[in-house]
Amino acid sequence: MIFKTLIQLGITVGLLYWVFRMVDISQVIGAVTQMRISFLLLSIPVLFINWHSRVQRWRVAAAKFDILIDWPAAIKSYLAGMTGAAVTPGRIGEYLRIFYLNDPRRPSMAAALTIERLSGGGPLLVAGAAAVLIYGEIAPIIALLMAIGGTLQIVLLHWKVGWLVIMIRRLPQKWQKNINKSHWLEYISRLSPADIFEITLQSMIQYLTFLLLFTLTVMGLVQVPFFPTLIVLTIVFAIKTFAAFSLGELGVREVAAIYFLGTLGVADEAAVAASLLVWLYDVMLLAVGGIPFLLKFKWNAEPLKNQI
């Protein structure tokens with residue numbers, strides 16, 4: 001894990017170095033300071049809906065395992081997890097929210113969090129495939145592969161979980177352990193498709209509000225049409241989600257934004273400014289908000305640790 005983190009840190013630094021070699025930092029800052037206030041005001045309610053859907057997804061997923069988390073505890077644990085997510089590869093630091101709650105049913109909570117993280121992948125891939133087809137400047141084979149991958153994930157995770165279990169059980173034992181570390185497969189097998197869809201619904205709300213937030217941010221910086229911007233940002237979102245080779249998706253999102261927004265005539269500086277603003281909304285504000293709660297982590301975890 002340390003080696004992997006160092007590699008991802010290197011990729012992050014390399015990509016950001018390349019990005020900021022391409023753009024004028026003063027113009028990036030200038031684009032942010034000149035953002036149109038009307039679009040900033042429109043973004044605020046969208047941002048809060050996005051945050052609400054994240055915390056609600058956590059509560060819904062945990063409730064499927066008879067773990068009821070009230071809103072104050074859910075918000076505190078989610079923010080603490082985002083502080084860890086901001087500095088770990090693949091946002092695995094999110095699992096800190098499990099320990100913050102100091103509940104002995106940690107395997108169930110780990111399974112709930114794993115399902116929560118996986119729940120929106122299929123729909124996002126399918127949406128990304130549709131966006132690629134509409135965009136029309138990428139080989140159709142990419143859209144086909146995304147559609148196949150998204151459909152398979154929807155079928156195996158949302159409908160025929162038993163098929164997924166059978167497939168994994170045919171793999172070598174070592175691979176099975178790596179895939180199923182928190183025994184989430186055993187737990188997810190207990191859920192009905194309706195249960196998983198309820199979790200996925202919150203993921204879909206989160207993704208839609210994220211895309212709307214990203215689109216409004218770009219439109220606040222430059223004059224671009226709404227629908228084409230939404231389409232290219234759907235592709236950017238899919239890339240930064242499934243090609244998260246860096247820490248906190250930094251670098252990957254900026255490079256993708258420069259390329260795809262560039263096809264709409266958006267300057268590199270404005271694309272980078274929009275991407276960094278969304279990173280601020282999506283990760284850093286939550287991560288900073290979680291610091292006070294994360295500082296209490298050891299104190300909260302200690303009684304359970306002693307009992308074990």
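**Buried charges in an all-helical model**

At 6% relative accessibility, Glu94 counts as buried, because the cut-off for burial is under 20% relative accessible area. The model described here is predicted. Glu94 does not stand alone. The side chain of Glu94 forms a salt bridge with that of Arg97, at 2.5 Å from N to O. Arg97 is buried as well, with a relative accessible area of 0%.

Side chains of opposite charge can pair when their charged atoms come close. The count in this model comes to ten salt bridges. One of them joins the side chains of Arg57 and Glu116, with an N to O distance of 3.3 Å. This pair links distant parts of the chain. Arg57 sits in helix α3, which covers residues 37–63. Glu116 sits in helix α6. The two residues are 59 residues apart. Both Arg57 and Glu116 are buried. A network of salt bridges links Arg57, Glu94, Arg97, Glu116 and Arg117.

A further salt bridge pairs Asp282 with Lys240, at 3.9 Å from N to O. Asp282 belongs to helix α15 (residues 268–294) and Lys240 to helix α13 (residues 226–242), so the pair ties together parts that are 42 residues apart in sequence. Asp282 counts as buried, at 4% relative accessibility. Lys240 is also buried, with a relative accessible area of 4%.

The region around helix α5 was examined next. Ile98 is located in this helix. Its relative accessible area is 3%, so Ile98 is buried. Beyond residues up to four places away in sequence, Ile98 touches Trp58, Arg106, Met109, Ala110 and Leu113. Ala112 is 14 residues from Ile98 along the chain, and the C-alpha atoms of the two are separated by 9.9 Å.

Asp103 lies in the loop between α5 (96–100) and α6 (106–119). This loop residue is buried, with a relative accessible area of 15%. The side chain of Asp103 reaches the backbone nitrogen of Arg105 at 2.8 Å.

The surface offers a contrasting case in helix α8, which spans residues 140–158 and contains Leu145. Leu145 is exposed: its relative accessible area is 53%, and the cut-off for exposure is over 50%. Leu145 belongs to a nonpolar surface patch of about 550 Å². The other members of the patch are Ile141, Ile142, Leu144, Ile148 and Leu152.

The whole protein was then considered. It has 16 helices and zero strands. The radius of gyration is 20 Å, close to the 19 Å that the globule rule gives for 308 residues, so the protein is as compact as a globular protein of that length. Along the principal axes, the C-alpha atoms fill a box of roughly 55 × 45 × 40 Å. Of the 308 residues, 49% are buried. Among contacts with a separation of 6 or more, 72% come from residues 24 or more positions apart. The protein exposes about 15,100 Å², and carbon and sulfur atoms supply 71% of that area.

Conventions:
Residues numbered from 1 in each chain as written. Predicted model: local features only at pLDDT ≥ 70, side-chain atom pairs only at ≥ 80, totals over all residues. Heavy atoms only, no water. Patch = residues over 30% accessible without salt bridge, like charges linked within 9 Å, V, L, I, M, F, W, Y side chains within 5 Å. Areas by Shrake-Rupley, 256 points an atom, 1.4 Å probe, with all protein chains shown as cover. Salt bridge = Lys/Arg side-chain N within 4 Å of Asp/Glu carboxyl O. Helix = DSSP H or I, 4+ residues; strand = E, 2+ residues; numbered from the N terminus. Buried < 20%, exposed > 50% of the residue type's maximum accessible area, 1.4 Å probe, protein only. Polar contact = N/O pair within 3.5 Å; in protein donor to acceptor, adjacent residues only side chain to side chain. Rg over C-alpha atoms; globule rule 2.2 N^0.38 Å. Contact = heavy atoms within 4.5 Å.
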